[in-house]
Amino acid sequence: MGRVLGLGLLLCVASVFAQTTFHGNVTRTGVYESAGPSQLKGVKWTFKTGGAIVSSPVIANSVVYITSMDGHLFAIDQETGKEKWNFKSRMPIASTPAVVGEAIYFVSSAGSLAALDVATGKPKWVFATEFERKFEAKNLHGYPSPAQTIPDAWDLWTSSPAVVNGKVYFGSGDGNIYAVTADTGVELWKVQTKDVVHASPAVFNNTVYIGSWDSNLYALNADTGEEKWTFKAGEDNTVHNQVGFQSSPAVADGVVYVGCRDGHVYALDAANGHKKWDYSTNKSWVNGTPAVRDGVVYVGTSDSSRFMALDAKNGRLRWNFPAKAYMFSSAALAGDLAYVGDHNGKLYAVDMKTGKLAWEFQVEASKKDPMKLLNADGSLNQEAFSPVFGDFEDMYIDTYRFISIGAILSSPVVDKGVVYFGGMDGNLYALQ
């Protein structure tokens, strides 16, 4: 049982269309009610944090909330981009917050779920998990390490909580999936998996869907935690590259859509977990959360650098968009466009019917490209990513390289004709 410090709070039920939680709603479909800009006019404002941003913004009552690896959660006026308040954690924050009623929730890198007063940023309560850690393995990604485990630098996020019917659901580096009371932070149940859980839960029909680095996707009774079913994806017991759910599931029309590091997009029956189809990406990770609307699934890939549209019924490819670099960002669907970020420091607005580029925005750090990481077309200059140490430390050097060009891992939010997203350059952007 976690340690709890707390007061009560008012709860409300999340709407189908919202901006108050990761990927738009608790089913994680990435659908937004209002259209975004069909043509890019320019930057409305930027807000500078003190560290890289890998999480996604949320919006409630004309306030934009964003977390940063500088350890802060910021509340920013939606119209002006001016700070209203900030909360400082003792560790970097890589969780997208969720706002419900008078509270905002996030998962700390220190190993806890925190609830803050949404108006002031003052703590309401903190629920401590057993511990927090990254996914790790011996010989990870082929780096030689027969005697030690290697923490995976690409395990960039912690779980983003889902708040439904007075309960907060989230995963933890301690391998547990948790449910706690939203008003006081008292543990209701926890389910142990066999590895780190950094994916974010989707909640639909009183069921919590969430994946683990043990390569299982779990469907749990939202009230009791009782297992309804599990789905086993691919395994890689040699170099542990093609394994694990870093993607969060999206639920639409009775189907669970999820990407996996085993190089597949899966469509599973939400009621029983039976596989309807899977789409192979030829071993390219699918780390973003699928966005789903009107019978089409939109999702990006890593090494093959694609943003693609799949038929939701059969998984057949409708179109490919060449993203040029790794894509961990999850798309926002608004109006006729899909908005999605890329590791090359570009935000793309892609026509959802044709897969053609409507417009793109490139952050200044990417334009300057101080380490010459990009080719002229925005693709990665592989020579610039040559090894330095020849071991796992090169993963962390690559992270620094992507920070230098403002890679966009954040998933955009669309509201009132404006697109909001964070960059690894530490900026929160508002584009109109």
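# A walk through a strand-rich predicted model

Let us begin with one pair of strands: E8, covering residues 112–117, and E9, covering residues 123–128, run antiparallel and are joined by five bridges. To find this pairing in the viewer, pick Leu113 and look for its bridge partner in E9, which is Phe127. The two strands form a hairpin with five residues between them, and in this hairpin Gly121 takes a positive phi near 80°. Please keep in mind throughout that this is a predicted model.

Now step back to the whole chain. Its secondary structure consists of two helices and 34 strands. Along the principal axes, the C-alpha atoms fill a box of roughly 55 × 50 × 45 Å. The radius of gyration is 20 Å, which agrees with the value near 22 Å that a compact globule of 432 residues would have. Of those 432 residues, 65% are buried. The accessible surface of the chain is about 15900 Å², and carbon and sulfur atoms hold 50% of it. As for the contacts, take those in the chain with a separation of 6 or more: 51% of them are between residues 24 or more positions apart.

With that overview in hand, we can turn to a sheet further along the sequence. Four strands make up an open sheet in the order E12-E13-E14-E15, and their pairing is antiparallel. Strand E12 (162–164) and E15 stand at the edges with a single partner strand each, so one side of each has no neighbour in the sheet. On average, and ignoring direction, neighbouring strands here are turned by 15° against each other. As background for looking at any such strand, the side chains in a regular strand alternate between the two faces of the sheet.

Start from the E12 edge. E12 pairs with strand E13 (residues 167–171) over three bridges, in the antiparallel sense. Ala162 is a handy marker, as its bridge partner in E13 is Tyr169.

At the other end of the sheet, strand E14 (residues 176–181) and strand E15 (residues 187–192) run antiparallel and are joined by five bridges. Here you can select Val180, whose bridge partner in E15 is Glu187. Which residue in the turn of this hairpin has a positive phi? Gly185 does, at about 75°, and five residues lie between E14 and E15.

Glycine is not the whole story of positive phi in this model, as Ser215 has a value of about 70° without being a glycine. Ser215 sits in the loop between strand E17 (207–211) and strand E18 (216–221). Is Ser215 buried or exposed? Its relative accessible area is 0%, so Ser215 counts as buried.

Lys372 is another non-glycine residue with a positive phi, in this case about 55°. You will find Lys372 in the loop between helix H1 (364–368) and helix H2 (393–404). With a relative accessible area of 55%, Lys372 is exposed, whereas Ser215 is buried.

Next, visit Ser55, in the loop between strand E1 (43–48) and strand E2 (58–60). Ser55 has a relative accessible area of 0% and is therefore buried. What does Ser55 touch, once residues up to four places away in sequence are left out? The list is Ile66, Thr67, Ala94, Ser95, Thr96 and Ser410. With Thr67 there is also a polar contact, side chain to side chain, at 2.6 Å. For a sense of scale, the C-alpha atoms of Ser55 and Lys276 are 31 Å apart, while 221 residues separate the two along the chain.

Our last stop is Thr29, in the segment before E1. Its relative accessibility is 10%, and buried means under 20%, so Thr29 counts as buried. The side chain of Thr29 makes a polar contact with the side chain of Asn25 at 3.0 Å. Setting aside neighbours within four places in sequence, Thr29 is in contact with His23, with Ala250, Val251 and Ala252, with Pro290, Ala291 and Val292, and with Leu333.

Definitions and conventions:
Residues are numbered from 1 along each chain as its sequence is written. Side-chain values use heavy atoms; hydrogens and water are left out. Two strands pair if DSSP finds at least two bridges between them. Axes are lines fitted to C-alpha atoms, for helices over the stretch in contact, and angles run from 0 to 180 degrees between N-to-C directions. The radius of gyration is taken over C-alpha atoms; the globule rule is 2.2 Å times the number of residues to the power 0.38. Buried means under 20% relative accessible area, exposed over 50%, partly exposed in between (1.4 Å probe, protein chains only). Contact means heavy atoms within 4.5 Å. Accessible areas come from the Shrake-Rupley method with a 1.4 Å probe; for residues, only the protein chains shown count as cover. A polar contact is a pair of N or O atoms within 3.5 Å; within protein, one must be able to donate a hydrogen and the other to accept it, and residues adjacent in sequence count only if both atoms are side-chain atoms.
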